[in-house]
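Here are a few exercises to work through with the model open beside you. Try each task before you read its solution.

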Amino acid sequence: MLETLLEFWKQDEETAPNLFAWRTTPSRAAQTHPFPTDLPVSLREALSSRNISLLYSHQLTAWTHARAHRNVILSTGTASGKTLAYNLPVLAKMIEDSQARALYLFPTKALAQDQLSTLHNLKPEAWDLTTAIYDGDTPQPHRSTIRKTARVVLSNPDMLHTGILPHHANWGDFFTHLKFIVIDEAHTYRGVFGSHVANVIRRLKRVAKFYGAEPQFILASATIGNPKELAETLIEGPVELVDNDGSSRGERHFIIYNPPITNASLGLRKSSFLEAVRLTNNLLAHDVQSVVFARTRRSVEILLTHLHSNNSIADTRKSTNEYSNIGSPIRGYRSGYLPLQRREIEQGLRDGSVKTVVATNALELGIDIGGLGAAVMVGYPGTIASTRQQAGRAGRGELPAVSVLVASPNPLDQFLAHHPEYFFERSPEMALVNPNHLLILLEHLRCAMFELPFQRGEGFGSISDELVDEYLEFLVSNQEAHFSNEKYFWMRDAYPAANISLRSASPQSVVLHTTADNGQPSIVGTVDGESANWMVHPGAIYMHEAQQYLVQQLDLENHIAHLAPVGLDYYTEAQQESEIQILSVNDQIVVRGGEKAYGEIQVTTQVVGFRKLRWFTNENLGQEPLDLPPSELQTTGYWLTLSESALKSLRDAGLWTNDPNDYGPDWQKIRLAVRKRDQFKCQVCGALETNREHHVHHKTPFRAFIQNGVLDREQANRLENLTTLCPSCHRKVEQNVRIRSGLTGLGFVLGNLAPLFLMCDAGDLGVFAEPAWSAVNGQPSIVLYDLVPAGIGFSEKLFELHDELIRRAYELVSECACEDGCPSCVGPGGENGYGGKAETLAILKELL
């Protein structure tokens, strides 16, 4: 089993040298307590019938706080029993008060389904307790019955915002007797989405108060840096933090695995995908149930295909037109799979028939899949909190478990592999929200006024009554509201919630159609509208549970893609081009070292073609152009442009690495000599030149030969420092020896600092660093822009904060203890490259 495999890895010549870090957390006994004396007898019996006879310490603490009418946030590890901790006080109240109601909010529909089955396991019908889901999938005929009879309603913030609060009159009885609001996975409510949700909760409390209710809140969160602060911002009330995790835990191993070097002179490492597949096959062979996390949907399918090809189970089922994985012990799990398929995979994980699941972060949230023996992460998930959440998927009670982070060639992954202490010793990131962001707040004031007229002098959450009156007067002057008898009334016909998306505005999903063996049309899955152009363009190979489909037609007007099942030896990779144009400048000011500005911009992304890549070798089999409409994001941006005088002083100091390389007058002759010497063959993959010349690459980077501002071109261009590479291998090698320019480093640090000033999530902002941006006459620039259509004011705020942002960036980079760039300051360079810390500091000094 697992212990045998871990011993094997320590001895195995193919594995042991690549174990860059191995941390073991000893097992921990459960801290348990008898049931509290005030636990209703019938609930005690229901728990006993489920073989639960004691409570963990954190479950008892949560019970004590809840019974004392205090709001609670639970922040304990994955699979520590948070669900039972919030269900107990709610069910006790339902048993004691036959009229009591509760509302459960989950960030996804799948989680609501999962938690409904958990509630049903406690047999609530014994207490005449109806539980029901009320979301966008709830059939219309069932809705009025649920509103009248359900005592526990499970929903999501989007449905509460558009389907429940605007129609609260239909829910009068429910709101009158509302005693508890449970908010699960609270850590997902951050950034723009979290700021919207905080305002939906303000509206919920306002409507409840109208019906005479003052519900208590119980929140549950994964491990983040600020659970209590987040909870208190979301519900605007005092909250007790419960983080004394009393659940038992077996021994836990966390391994950072860095694939072996395959070409020492170029620093190339073996594919993280292939190594993850090898380690996962080891887990399968030792009968260890595991989850493999990949960063993207395509990665999930590529890993699945590799796993199936290495395991004979695939071959017994394979036919060109039917490649059903039902019954297979290796499954995929990601967005785009149909709900029934997901439920079936979750069930397979619980009953053990599914041994390995390859998933995106869709499985990161607390869907009950039991405890697994291992979690393999292919590439760093992006944040410490996310990594801990994914690693926490491994572990079943007191049995040992292992989590393996397989480092990709990405500079961030390589930094963590070489500096594991950075990962182990840092606390998880904070979740930031700003409910008082003016544009978001105004949208929800409109919704709140539609739900119930505002009395003059009535506050809204923590916003003072004077300020609320000021905003409402603005809506009156805009002819959206009417003031009469000391009240503000909504005037428009449409109800405002319908036009406000709590999440990013993604166009309608595209449905994927194919024809089954019997000639009947069938649906493979769905793709969100934003991703359709690059995932299901004509000629794309779309993969679903490791079955290949060739996209024959993409009908964007009707939101349909037509697919045919195939069995080809290649997959496809879309090629995108992006550019940013300035539409209008709202303000522009000369600052030290350059110019700052903000205004409206257009970010245009277009899929212009695709490459066909052979399975397993990634050999490029050719490219095809595409003529697809561009996707355009019209938003607001803040940009900073360096002046000519700043550039001159950086160049004079030899601290500007963004000018194109001048390889000298003999470069073409040298290139030809190197390619001839190498027989016009790529020195990594062996591919011969075709109609396109191979690249010639400097093993030690060209810019590394600059000393005190002087370039030694002769040394850089020595034949022994040059090698022939095909474009595909060249890209991989460049990542390894990447010299992070000062401008890229500046973009990295500003992109990481800005969310702290704006109280938003890093995913709410786009960052663009361009040494010759055409929109500003080819000057070096950095653009930070809102990833929300039309923008929500981040760029104006950054424009105002410019001086402080630059000062803080300088402090952060100069005080960072790293030698040459790390994820905390300017970002790392490639594994054998340079991080550009000195160049970034030089630019910041010019701007200070």
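The exercises below deal with a predicted model, starting with a sheet and ending with the cores.

**Exercise 1.** Work out which strands stand at the edges of the open seven-stranded sheet.

*Solution.* Begin with the strand order, β1-β11-β18-β17-β14-β16-β15, in which the pairing is mixed. Next, look at the two ends: β1 (19-25) and β15 (330-333) each have a single partner strand, so one side of each lacks a neighbour in the sheet. Finally, check the twist: neighbouring strands are turned against each other by 15° on average, direction ignored.

**Exercise 2.** Describe how β17 and β18 are joined, then find helices that pack on the sheet.

*Solution.* First, take the pair itself: β17 (residues 374-378) and β18 (residues 401-406) run parallel and are joined by five bridges. Within this pair, Ala374 lies opposite Val402 of β18. Now turn to helix α11 (residues 272-285), which touches β11, β14, β15, β16, β17 and β18. The direction of α11 makes about 170° with that of β17. Then move to helix α13 (residues 339-351): its contacts on the sheet are with β15 and β16, and its direction makes about 130° with that of β15.

**Exercise 3.** Locate the largest nonpolar core and trace the contacts of Leu746.

*Solution.* The largest core has 138 residues, and those with the most contacts inside it are Tyr104, Leu154, Leu363, Leu746 and Leu750. Setting aside neighbours within four places in sequence, Leu746 is in contact with Leu640, Ile782, Thr840, Ile843, Leu844 and Leu847. To finish, look for a second, separate core: this one has 40 residues, among them Ala150, Phe193, Val197 and Val207.

How values were computed: Residues numbered from 1 in each chain as written. Predicted model: local features only at pLDDT ≥ 70, side-chain atom pairs only at ≥ 80, totals over all residues. Heavy atoms only, no water. Core = buried A, V, L, I, M, F, W, Y, C linked by side-chain atoms within 4.5 Å. Buried < 20%, exposed > 50% of the residue type's maximum accessible area, 1.4 Å probe, protein only. Contact = heavy atoms within 4.5 Å. Pairing = 2+ DSSP bridges. Helix = DSSP H or I, 4+ residues; strand = E, 2+ residues; numbered from the N terminus. Axes fitted to C-alpha atoms, helices over the stretch in contact; angles between N-to-C directions.
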